[in-house]
Each structure stands twice: as C-alpha cells, then as structure tokens.
Amino acid sequence: QVQLVESGGGLVQAGGSLRVSCAASGRTFSANAMGWFRQAPGKEREFVAAVNWIYGTTYYANSVKGRFTISRDHAKNTMYLQMNSLKSEDTAVYYCAADKYSGGTTTPLHSYDYDYWGQGTQVTVSS
C-alpha cells in the first residue's frame, strides 16, 4: 500500500516563496506520474502541476506557470513543489497524488486519474 505524506505548508506573505514536499512510502514505490492539486474553501479541487515519474516531463496549470516548479527525487521517493511569487489566490489545501505504475507514458492532469492521495497541507498567503 502506498502512503503519501505532504509537508512544508504554512503562512507566507504575498510575493513570498514556499516549498511543499510529498514523500511516498511503500514496499516498492513506483508511479506513472505524481501531481499536485489544491482546494480552496468553497471551491472544487483543481490541478496545479504534475510530473512524469520516469521521464521527468512537467505540466502546469496556467494560473501557476512561471511561478511554481515541480520536481521529483527518485532516490528519496519524494516530489516537491517550489512556489514563488505567491498570491492570495494561491491559498488552499495542497494535496499530492500518485498515479499507480502501469507502464504507461502519459501524465494525467485530472484528479480522477490518480490512485493515491496525501492528507493535504495548508498553504495560506496573506495579502
């Protein structure tokens, strides 16, 4: 069974930076892709960024492109999201997710395509 644990959330002023991490554990962890999603109060969960676990190809929502950077570390089974130039509208609970490995090469961008989820970490940007 795969477990995902996020860390690194917190309170930051607008214009500041924050890095959140997602550590994956399990007997033998592998994935097609991992992604970050976020959910603000009263809103639906939305895609933020994703990375192909094997090839490292990255994808971003338009709202974060140029400000956020997703990366992964195979040796540590960990994914990161570096968030720069944060805005108040980035305030949300951030969830990491993993798409169970099946040998596929595509990177899903929709939450329903992901099999494992973390518990979420709160990111609050004060204006």
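**An all-strand chain with one disulfide**

Read along the sequence, this protein chain runs β-β-β-β-β-β-β-β-β-β-β. That makes eleven strands and zero helices. The model is predicted. A search of the whole structure turns up one disulfide.

**Overall shape**

- The radius of gyration of the protein chain is 14 Å, close to the 14 Å that the globule rule gives for 127 residues, so the chain is as compact as a globular protein of that length.
- Along the principal axes, the C-alpha atoms fill a box of roughly 45 × 30 × 25 Å.

**The disulfide**

- The partners are C22 and C96, with sulfur atoms 2.1 Å apart.
- This pair links distant parts of the chain. C22 sits in strand β3 (residues 18–25), and C96 sits in strand β9 (residues 92–100). The two cysteines are 74 residues apart.
- The torsion about the S-S bond of C22 and C96 is about 55°, so the disulfide is right-handed.
- Are C22 and C96 buried or exposed? Both are buried.

**Inside and contacts**

- Of the 127 residues in the protein chain, 43% are buried.
- Take the contacts in the protein chain with a separation of 6 or more: 58% of them join residues 24 or more positions apart.

**Surface and charge**

- The protein chain has an accessible surface of about 6,600 Å². Carbon and sulfur atoms account for 46% of that surface.
- How many charged side chains are there of each sign? The protein chain has 11 positive and 9 negative ones.
- The centres of the positive and negative sets lie 5 Å apart.

Notes:
Residues numbered from 1 in each chain as written. Predicted model: local features only at pLDDT ≥ 70, side-chain atom pairs only at ≥ 80, totals over all residues. Heavy atoms only, no water. Disulfide = S-S within 2.5 Å. Helix = DSSP H or I, 4+ residues; strand = E, 2+ residues; numbered from the N terminus. Buried < 20%, exposed > 50% of the residue type's maximum accessible area, 1.4 Å probe, protein only. Rg over C-alpha atoms; globule rule 2.2 N^0.38 Å. Contact = heavy atoms within 4.5 Å. Areas by Shrake-Rupley, 256 points an atom, 1.4 Å probe, with all protein chains shown as cover. Lys, Arg positive; Asp, Glu negative; His and termini not counted. Charge placed at Lys NZ, Arg CZ, Asp CG, Glu CD.
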